[in-house]
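Open the model in your viewer and keep the sequence panel visible. The stops below say what to select next and what is there.

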Amino acid sequence: MKLLLVEDNERVARFVCKGLAEAGHTVDHADNGRDGMYHALSEPYDAIVMDRMLPGGIDGLAIVEALRQQGNQVPILVLSALDGVDDRILGLKRGGDDYLVKPFAFGELLARLDALMRRSQVQAADTTLALGDLSVDLLAHKVSRAGTVIALQPREFKLLEYLLRHANQVVTRTMLLENVWDYHFDPQTNVIDVHISKLRQKIDAPFATPLLKTVRNAGYMLTDRP
């Protein structure tokens, strides 16, 4: 993992950096809030270990809040000598994913980081669908291809989601009617053709490689294969 440690205590920082490096991780370290904010907002990290009380005019929870306001959901473990229940609740409410009280055992910090990463990977798998350079964020209802945001109508979004969940498979008209429209009637209706055409115009027409293909006498397939 690529990690960021924001910790002003030199002894603690040296101890944590050494342990994380020995565990095979890459660690950037900032010893004040200003530098911590810069690193956190400008670099991609797999997880952040954030001390709560920092010099530099910016405390750790302010950095956490800034990340969350930008939509950055990097897993964050808050470190603090403040061990009251209200302190822990505040740390989590401000955007921390976990809260570890000082002094702590390094083994516990490492185990908590591993747990955060497992949780993050499961959430990402559950809420994001992708094929090639096409990506769909199911929570934000955001579609993008090659970095370009694509605006879809609700039914188009549902259609694309279904096709992505069955990527590289033939999807029949009947399957689409039953799962996207909840209809159970004549599959020859042109409602599918109309929506497929609109979807093509948005996710394929502006790009060099088409993804949405018609399989003659069978249905449709969303694929990045030749």
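Contact, at every stop of this tour, means heavy atoms within 4.5 Å. Helices (H or I, at least four residues) and strands (E, at least two) are DSSP runs, numbered from the N terminus. This is a predicted model, in which local features need pLDDT of at least 70 and side-chain atom pairs count only at pLDDT 80 or more, while totals for chains, interfaces and linings use all residues. Residues are numbered from 1 along each chain as its sequence is written, and side-chain values use heavy atoms, with hydrogens and water left out.

**Stop 1: α6 and α7**

Select residues 154-165, which form helix α6, and residues 173-181, which form helix α7. Their axes come within 10 Å and cross at roughly 125°. Axes here are lines fitted to C-alpha atoms, for helices over the stretch in contact, and angles run from 0 to 180 degrees between N-to-C directions. The crossing angle makes α6 oblique to α7. Angles under 35 degrees count as roughly parallel, over 145 as roughly antiparallel, 65 to 115 as roughly perpendicular and the rest as oblique.

The crossing of α6 and α7 is right-handed. A crossing is left-handed if the near helix is turned anticlockwise from the far one by less than a right angle, and right-handed if clockwise.

Now show side chains. On the α6 side, Arg155, Lys158, Leu159, Tyr162 and Leu163 meet Met175, Leu176, Asn179, Val180 and Trp181 of α7. The residues of this contact divide into seven nonpolar, one polar and two charged. Ala, Val, Leu, Ile, Met, Phe, Trp, Tyr, Cys and Pro count as nonpolar, Asp, Glu, Lys and Arg as charged, and the others, Gly among them, as polar.

Before leaving, select asparagine 168, in the loop between α6 and α7. Asparagine 168 has a positive phi of about 65°, although it is not a glycine. With 24% relative accessibility, asparagine 168 counts as partly exposed. Buried means under 20% relative accessible area, exposed over 50%, and partly exposed in between (1.4 Å probe, protein chains only).

**Stop 2: α6 and α8**

Keep α6 and add helix α8, residues 191-203. The two axes come within 10 Å and cross at roughly 80°, so α6 and α8 are roughly perpendicular to each other. From α6, Arg155, Glu156, Leu159, Leu160 and Leu163 meet His195, Ile196, Lys198, Leu199, Lys202 and Ile203 of α8. By class, this contact has six nonpolar, one polar and four charged residues.

**Stop 3: α2 and α3**

Select helix α2, residues 33-42, and helix α3, residues 60-69. They pack at an angle of about 20°, with their axes 10 Å apart, and are therefore roughly parallel to each other. Their crossing is right-handed. Gly33, Gly36, Met37, Ala40 and Leu41 of α2 make the contact with Ala62, Ile63, Ala66 and Leu67 of α3. The classes in the contact of α2 with α3 are seven nonpolar, two polar and no charged residues.

How many of the ten residues of α3 are buried? Seven of them are, and α3 is mostly covered. The buried residues are Gly60, Leu61, Ile63, Val64, Ala66, Leu67 and Arg68. What covers them includes α2, β3 (47-51), β4 (76-80) and α4 (85-93).

Next, look at both ends of α3. At the N-terminal end, aspartate 59 acts as a cap, with a side-chain oxygen 3.3 Å from the backbone nitrogen of leucine 61. Just after α3, glycine 71 takes a positive phi of about 85°.

**Stop 4: glutamate 7**

Select glutamate 7, in the loop between β1 (2-6) and α1 (10-22). Is glutamate 7 buried or exposed? Glutamate 7 is buried, with a relative accessible area of 0%. A polar atom of its side chain lies 2.8 Å from the backbone nitrogen of asparagine 9. Not counting residues up to four places away in sequence, glutamate 7 touches several residues, including Val12, His29, Asp51, Leu79 and Lys102.

**Stop 5: two loops**

Go to proline 103, in the loop between β5 (98-101) and α5 (106-127). The peptide bond from lysine 102 to proline 103 is cis, with omega near -10°. Proline 103 counts as exposed, at 79% relative accessibility.

Finish at histidine 141, in the loop between β7 (134-137) and β8 (142-145). Histidine 141 has a positive phi of about 55° although it is not a glycine, and counts as exposed at 55% relative accessibility.

Conventions. Polar contact = N/O pair within 3.5 Å; in protein donor to acceptor, adjacent residues only side chain to side chain.
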